Amino acid sequence: MGRVQALLPNEVNIAIHNAKKAQVEWAELSMDERCKYLEKIADLIDMYADELTITLVKEIGKPKKIAEDEVLRTADIFRATAQHARSLRGELLFGRSMVRSTKEKVSLAYREPIGVVLCISPFNYPINLSGSKIAPALAMGNGVIFKPSTQGVISAIMFVKILEASGLPKGLVNLVTGRGSEIGDYLVSHEDIDMINFTGSSAVGKSIAKKAGMKRLLMELGGKDAAIVLNDADLDKAAKAIVKGAYSYFGERCTAVKRVIVVNSVADELVSRLKKLVNGLKVGDPIKENVDIGPLISDKAADYVDELIKDAKKQGAKFVCSGKREGRIIRPHLIDKVTKKMRIAWEEPFGPVLPVIRARNKDDAIKIANASEYGLQGSVFTESVENAIYVAKRLQTGTVVINDKSSRGPDNFPFQGIKDSGIGTQGIGYALEAHSRIKSIVMDFK
Ligand code: NAP
Ligand code: G3H
């Protein structure tokens, strides 16, 4: 796709210096003035949607329709962020409301920017997971250092050109390119970075957290989202949602369904429905044709998925759907009778491989789901409201979806991972809070 320079530490210093300087004036603008830039960016994303979409398809192999959704959804995020930011209000608090307070004092509590936000995005959503960081950071008056994933960087550069075309003040948003493994430590421990908004693997997220010191952290990390299927589920509906959730963009989604936990009594029926649907998935090259399954992002990613498949095979899992690997293309796999000893039961393949784990009953299913180190999302399939609420309340995840696949969107919903899946909450309004801090001015009120 192209060649991109790797910035050196002294160049990173210049970028951060520029962001710090530009942020001061940016924060002086009114919320309305800042939001007008966000709306202009949204319009430009719409205008260049076709070019952005094609670049995503070519660079990260995302099927065209999903790539287009990513782009248009990012324009929506900028617009909705502006709309929500305009409605933010401060608070006036009266000390006398507290029973034991003897003084007449008031607090003017309002939100102010944090400073310079380092936004690090992953390969799988180069536009959307950059926009969802940059929009709230800018709205709340922050400067931005943007470090996109090296895979996906060409798409990210196009996006930055759009930001530039909106007329944002010079130096406010700075692109830093280069491998995370080389420049990452320098960036995350830099004294002039005030906040890190990171999306990526739990391993990298944890290492950043160790080096970041007292910087504010917002992290969207890995997941092992379980789809729990109970004996009273509509199995046709469940199978359709699970296949879409597990194999869309070949499983390269944080919120992909990454394991099915089904109660024994309906397991055979569910697996036979899943099999039919998985066998219908079209495999090929997303650049040439409309396919469901294409090549994974790298040889390394495909090798890793292969390892998990081989481990499950060695340990006696039942391969319901499989096929030979062709380069980076892993054919859609459906693996039944997966046990707790197998790596695929716990690890995140980020590929088109779905393990099915059989459980004794709903409590056993919840126990298996919660044994994961991850806690991003989960879903439960049942026709009973009581069962749905019973499971949803007990799953240790940020979100539980009832009778549908797990999913981050709509983007105004709160989105957070617990355990190793993240720190803090995203989603339009929540992200504005996360990218700002409360300032309280207290005075006598006599
Ligand atoms: P990754 O390997 O962790 O990389 C993510 C970003 O971190 C990239 O920009 C990468 O740059 C950078 N990076 C790598 N090492 C770094 C370091 N030492 N210091 C600072 N930055 C560093 O993740 P990925 O493979 O791109 O994305 C897949 C993972 O992201 C999966 O685990 C998935 O679940 C997770 N994800 C989570 C969410 C969510 O919302 N929870 C959303 C999407 C993806 P380089 O590309 O230059 O290495
Ligand atoms: O990879 C993570 C994305 O944020 C997933 O978003 O679930 O709405 O497709 P989505």
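User: What makes the pair formed by an oxygen atom of ligand 1 and the side chain of Glu220 a polar contact?

Analyst: In this predicted model, an oxygen atom of ligand 1 is 3.1 Å from a side-chain N or O atom of Glu220. A polar contact is a pair of N or O atoms within 3.5 Å, so the pair with Glu220 qualifies. A polar side-chain atom of Thr150, 2.5 Å from a ligand 1 oxygen atom, and a backbone N or O atom of Gly180, at 2.8 Å, are also placed against ligand oxygen.

User: How do you know how much of ligand 1 the protein covers?

Analyst: On its own, ligand 1 has 910 Å² of accessible area, and the protein covers 87% of that area. Such areas come from the Shrake-Rupley method with a 1.4 Å probe.

User: Why is ligand 1 said to lie between two domains?

Analyst: Domain 1 (9-221 + 421-444) and domain 2 (226-402) both give residues to the shell around ligand 1, so the ligand lies between them. The domain bounds come from an automatic or database domain assignment.

User: Which residues come nearest to ligand 1?

Analyst: Of the 31 residues around ligand 1, Ser121, Thr150, Ser201, Leu221 and Glu348 come nearest; a residue is near if one of its heavy atoms lies within 4 Å.

User: How are these model values to be read?

Analyst: Local features need pLDDT of at least 70 and side-chain atom pairs pLDDT 80 or more, while totals for chains, interfaces and linings use all residues. Residues are numbered from 1 along each chain as written, chains are lettered from A and ligands numbered from 1 in written order, and side-chain values use heavy atoms, without hydrogens and water.

Conventions:
A polar contact is a pair of N or O atoms within 3.5 Å; within protein, one must be able to donate a hydrogen and the other to accept it, and residues adjacent in sequence count only if both atoms are side-chain atoms.
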